[in-house]
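Dear colleague,

I am passing on a structure that I would like you to look through at your own pace. Please open it first, and then read my notes beside it.

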Amino acid sequence: MSEAAVGQRDRRGYWKPAELLEPPPVYAWPPKPVGVAKWLFGFPGFLWPWNTLYAAIATLTWLFATPDMATMQTLAPGWIGFVLARNLVLMLAVFGAFHLYLHVGRRQGTDYKFTDRWQATNNPTFLFGRQVWDNMVWTIASGLPIWTAWEVVTLWLQANHRLPTASWADHPIWCALLMLFIPVWREAHFYAVHRLIHWPPLYRAVHSLHHKNVDPGPWSGLAMHPVEHLLYFSGVLLHWIVPSNGLHVIFHMQHLAFAPANGHSGFGRLKLGEAEFDSGAYWHYLHHRYFEVNYGSDLVPIDKWVGTFHDGSEAAGEQMNARLKIRSERAKAARKRA
Ligand SMILES: [Zn+2]
Ligand SMILES: [Zn+2]
């Protein structure tokens, strides 16, 4: 398929999909059962590929690369170091795969790339002047230990029966439903945290670091200030309240850790050999380009419900500008009064 068949590139080099963004058909009224089934089981859909892949990686991690519960009853450097090293290997594998495939090997060139430029290699806003090095430092030096800390503490509390638990053997339906609910919860939690750190004082001190990536690449996904990492991974507190088990915790943490690689890939569609499919990255890309739209994503489209949605159309751009104008006039008036 050509770029132009499924989207268009404007004169300034920005590519956008022809189809406007819209939330999945589960929110449609009147209900669209066929659309919902397609969205659930289609490709790409809710289950396949991403959530199934993340669940498979989590299951393998839980079965073969997680210390047993008896070991995790006591906080000790040996097993904590193991979890940290295992998470580092997974992080390098997932983020590295997206980055090497798309941005180093450039396996699909700039086809479906949101901009026709490549990542900055000489820009003083980034550490060492290089976007990818800057992004990797924040991801590995801050994201990795904070991810691991939330995971270790939650598993340690579970191992000591200090959290409500539910085993697959005794509560298979509950456990399966919770696996499906985790991506939904994750997005609602992300929206809340993300809106909070767009509050100007927190934005300046914390979240502006992530937004240096106006043109993101996979490693930009977790390039965050440590305070943002702390809040972002705190979604795992769900398991401090709701009965679950170690597999849920690992799936949830890996979902938080891995999904940003694809979400920030910088490409609207991914090509794999002859196959190609929608990456789902456009929603969040528009947040990086325009800042004050699309704080969440499509699965829990709070943006649509509260008026911060940008679907990629010119009309949505005009609405955004009108909203920002009102906001800046209000701020000006408030400054005058003060
Ligand atoms: Zn982002
Ligand atoms: Zn933001």
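What follows is a short account of what was found, beginning with the metal site and going on to the nonpolar cores.

Please keep in mind throughout that this is a predicted model. The zinc ion (ligand 1) has four donor atoms, and on the protein side these are the NE2 atoms of H210, H264, H284 and H288, which lie 2.0 to 2.1 Å from the ion. If you follow the donor residues along the sequence, you will find them spaced H-x53-H-x19-H-x3-H. Two of them, H210 in helix α7 (residues 200-211) and H288 in helix α11 (residues 282-290), are 78 residues apart, and this pair links distant parts of the chain; both H210 and H288 are buried. The angles among the four donor atoms run from 94 to 155°, and the site counts as irregular because a tetrahedral one would need all angles to lie between 85 and 135 degrees, while a square planar one would need opposite donors over 155 degrees apart.

Turning to the cores, the largest nonpolar one holds 46 residues, among which W147 and F233 touch the most other members. The elements that give two or more residues to this core are α3, α4, α5, α6 and α10, and α10 gives the most, with 10 residues. Leaving aside residues up to four places away in sequence, W147 touches N87, M91, F233, M253, Q254, A257 and F258. There is also a second, separate core of 12 residues, which includes V6, W15, Y282 and Y285.

With best wishes

How values were computed:
Residues are numbered from 1 along each chain as its sequence is written. Chains are lettered from A and ligands numbered from 1 in the order in which they are written. This is a predicted model: local features need pLDDT of at least 70, side-chain atom pairs count only at pLDDT 80 or more; totals for chains, interfaces and linings use all residues. Side-chain values use heavy atoms; hydrogens and water are left out. Donors are N, O and S atoms within 2.8 Å of the metal (3.2 Å for Na, K and Ca); water is not among the atoms, so sites may look incomplete. Four donors count as tetrahedral if all angles lie between 85 and 135 degrees; four count as square planar and six as octahedral if opposite donors are over 155 degrees apart and all others between 65 and 115; anything else is irregular. Helices (H or I, at least four residues) and strands (E, at least two) are DSSP runs, numbered from the N terminus. Buried means under 20% relative accessible area, exposed over 50%, partly exposed in between (1.4 Å probe, protein chains only). A nonpolar core is a set of buried Ala, Val, Leu, Ile, Met, Phe, Trp, Tyr and Cys residues joined through side-chain atoms within 4.5 Å. Contact means heavy atoms within 4.5 Å.
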